[in-house]
Every structure is written in C-alpha cells, then in structure tokens.
Amino acid sequence: MNDIYSFVKYGDPCLDFVNSKVWNTRVQPFADLFVDYEHMVHWFRHLSIIDNDAVNRLLEGAINNPQAAQKAFDRILKLRDANYHILTAIAHQEVPSPQDLEILNSFYSDAMKHRQVAMTTEGMGWIWVDKVDKLDWMLWPIAYSTAVILTSERALRIRECNGCYWMFMDTSRNGLRRWCDMKTCGNRAKAHRHYERVKATNS
Ligand SMILES: [Zn+2]
C-alpha cells in the first residue's frame with residue numbers, strides 16, 4: 001500500500017490532512033488517498049499520527065463494527081472538507097464560513113475532552129485518553145493542530161501552491177513563496193512561462 005503515498009508531503013498534521021486529497025479537478029491524476037476507512041487508517045500511520053497498535057485496534061474495530069467504521073469515515077471526511085475550506089479561505093485572505101468554523105469547533109471541543117496532562121516517557125506531557133472503542137479518535141490531534149495554527153501567527157503563512165494546489169506553510173524569510181516546492185512546482189511554472197514566451201516570440 002506504500003506506493004499510494006509517494007506524493008505525500010510532510011508538514012503540519014492539519015495541512016497534511018487536507019493534502020490527502022487533490023481538490024482541484026484541473027490537477028491530473030485527480031486523487032483521494034482516503035479511499036475507504038482502511039486506507040485512511042494506514043494514512044494516519046504513515047504520517048506517524050497513530051502507531052501500529054492503534055492501526056491494529058482500529059482495523060479490528062472496523063471489522064467488528066462496519067457501520068461504526070463507516071460513520072467514523074464520514075466524520076473524518078466532514079472535518080477534512082471543513083478544514084480545507086477554512087485553510088484555503090485563510091490562504092487567500094478571505095473569511096472562512098461560519099458553518100465550516102462550527103464544524104471545526106465541534107470537533108475541537110470533542111478533542112479537548114480527551115486531552116490530559118500526564119507523565120509520559122519524556123516527562124510531563126499531553127496525552128489523548130479514552131480512545132478505546134472510538135474509531136475516529138485520530139481526528140482529535142487534527143482538530144487540535146488546526147485550531148492551534150489558525151489562532152497563531154503561522155496562520156498568516158498558510159499558502160495554496162500555485163502549481164499543484166497543495167496547502168503548505170510558507171517558511172521563507174519574505175513570506176512570498178508561491179509554490180509548495182521550488183524544485184518541482186516552481187520549476188514547472190518557470191518552464192511553462194519560458195514556453196509561453198518562446199511561443200509568443202515565434203508567433
Ligand atoms: Zn505544488
């Protein structure tokens with residue numbers, strides 16, 4: 001199943017989450033990595049949001065209760081849709097819709113009910129509790145990460161790539177980056193501009 005992740009880029013979980021789908025139908029091949037609940041669980045593992053034990057428990061839970069798995073899957077898609085709309089609005093300096101914010105907030109408040117301070121292997125830290133029997137608990141870190149980023153200065157650095165339409169965090173000094181990756185999308189755009197110039201000169 002690994003090859004389907006070949007174009008996964010790593011960044012903030014909330015951006016990776018929306019990048020699990022190609023939203024712009026002009027981009028070919030049009031793809032959605034969340035084919036079904038199982039694919040989605042493996043995607044969360046691939047991004048290290050959950051561990052192998054969690055994968056086994058979630059997939060076992062899905063086999064035992066397919067209806068609950070479908071419901072969890074639908075909830076995950078609902079949050080992803082809302083997140084995408086909010087993040088693209090912010091990237092384009094627009095106001096996100098109240099409906100999308102309401103969806104995010106309901107997921108966020110659900111997440112916070114399960115976040116606790118506890119002793120971890122690295123000292124005191126945050127943990128997620130009461131995951132047992134929940135087939136969509138991996139949304140908690142996503143909703144949390146989205147809320148934290150949106151309310152921080154980093155929100156000003158959320159961008160949508162001019163080439164592939166993926167969401168990315170602009171970490172450049174001047175904050176004017178237009179492509180997720182200069183080596184791929186940036187070069188493609190330069191090559192395209194060059195092609196257009198040559199075409200214009202020759203016509
Ligand atoms: Zn790109």
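These legends accompany several close-up views of a predicted model of a protein chain with a zinc ion.

**View 1. The whole chain, to get your bearings.** The protein chain is built from seven helices and four strands. Reading from the N terminus, the order of elements is α-α-α-α-α-β-β-α-β-β-α. There are 203 residues in the protein chain, and 44% of them count as buried. Among contacts with a separation of 6 or more, 55% are made by residues 24 or more positions apart. The surface that the protein chain exposes comes to about 12,200 Å², with carbon and sulfur atoms supplying 53% of it.

**View 2. The zinc ion and its four cysteine donors.** Here the zinc ion is held in view together with its protein donors, Cys161 (SG), Cys164 (SG), Cys180 (SG) and Cys185 (SG), which lie 2.3 Å from it. What spacing do the donors of the zinc ion follow along the chain? The pattern reads C-x2-C-x15-C-x4-C. The arrangement is tetrahedral because the angles subtended by the four donor atoms around the zinc ion run from 104 to 116°, and four donors count as tetrahedral if all angles lie between 85 and 135 degrees. Cys161 and Cys164 are both buried. Cys180 also counts as buried, because its relative accessibility is 13% and the limit for buried is under 20%. If you are looking for disulfides while you are here, the count comes to zero.

**View 3. Helix α6, residues 139-150.** This close-up follows a helix of twelve residues. At 1.5 Å a residue, helix α6 should span 16 Å, and its end C-alpha atoms are indeed 16 Å apart, so the expected span and the model agree. How many of the twelve residues of α6 are buried? The count is nine, so the helix is largely enclosed by the rest of the structure. The buried residues of α6 are Leu139, Trp140, Pro141, Ile142, Ala143, Ser145, Thr146, Ala147 and Ile149.

**View 4. Ile142 and its surroundings.** Zooming in on helix α6 brings us to Ile142. Is Ile142 buried or exposed? It is buried, because its relative accessible area is 0%. Setting aside neighbours within four places in sequence, Ile142 is in contact with Pro13, Cys14, Phe17, Phe44, Ile49, Leu79 and Asn83. Take a moment with Pro13: Ile142 and Pro13 are 129 residues apart in sequence, yet their C-alpha atoms are 6.1 Å apart in space. Cys14, another of these contacts of Ile142, counts as buried because its relative accessibility is 0%.

**View 5. Ser48, in a loop between two helices.** Ser48 is found in the loop that joins α2 (37-46) to α3 (52-64). Its phi is positive, at about 60°, although Ser48 is not a glycine. Why is that worth a look? Most residues other than glycine have a negative phi. Ser48 counts as exposed because its relative accessibility is 57%, where the limit for exposed is over 50%.

**View 6. Gln93, in another loop with a positive phi.** The loop between α4 (66-91) and α5 (98-112) contains Gln93. What is the phi of Gln93 near? The value is near 55°, which is positive in a residue other than glycine. With a relative accessibility of 77%, Gln93 counts as exposed.

Key
Residues numbered from 1 in each chain as written. Predicted model: local features only at pLDDT ≥ 70, side-chain atom pairs only at ≥ 80, totals over all residues. Heavy atoms only, no water. Disulfide = S-S within 2.5 Å. Buried < 20%, exposed > 50% of the residue type's maximum accessible area, 1.4 Å probe, protein only. Donors = N, O, S within 2.8 Å, 3.2 Å for Na, K, Ca; no water. Tetrahedral: all angles 85-135°; square planar, octahedral: opposite > 155°, others 65-115°. Contact = heavy atoms within 4.5 Å. Areas by Shrake-Rupley, 256 points an atom, 1.4 Å probe, with all protein chains shown as cover. Expected span 1.5 Å × (residues − 1).
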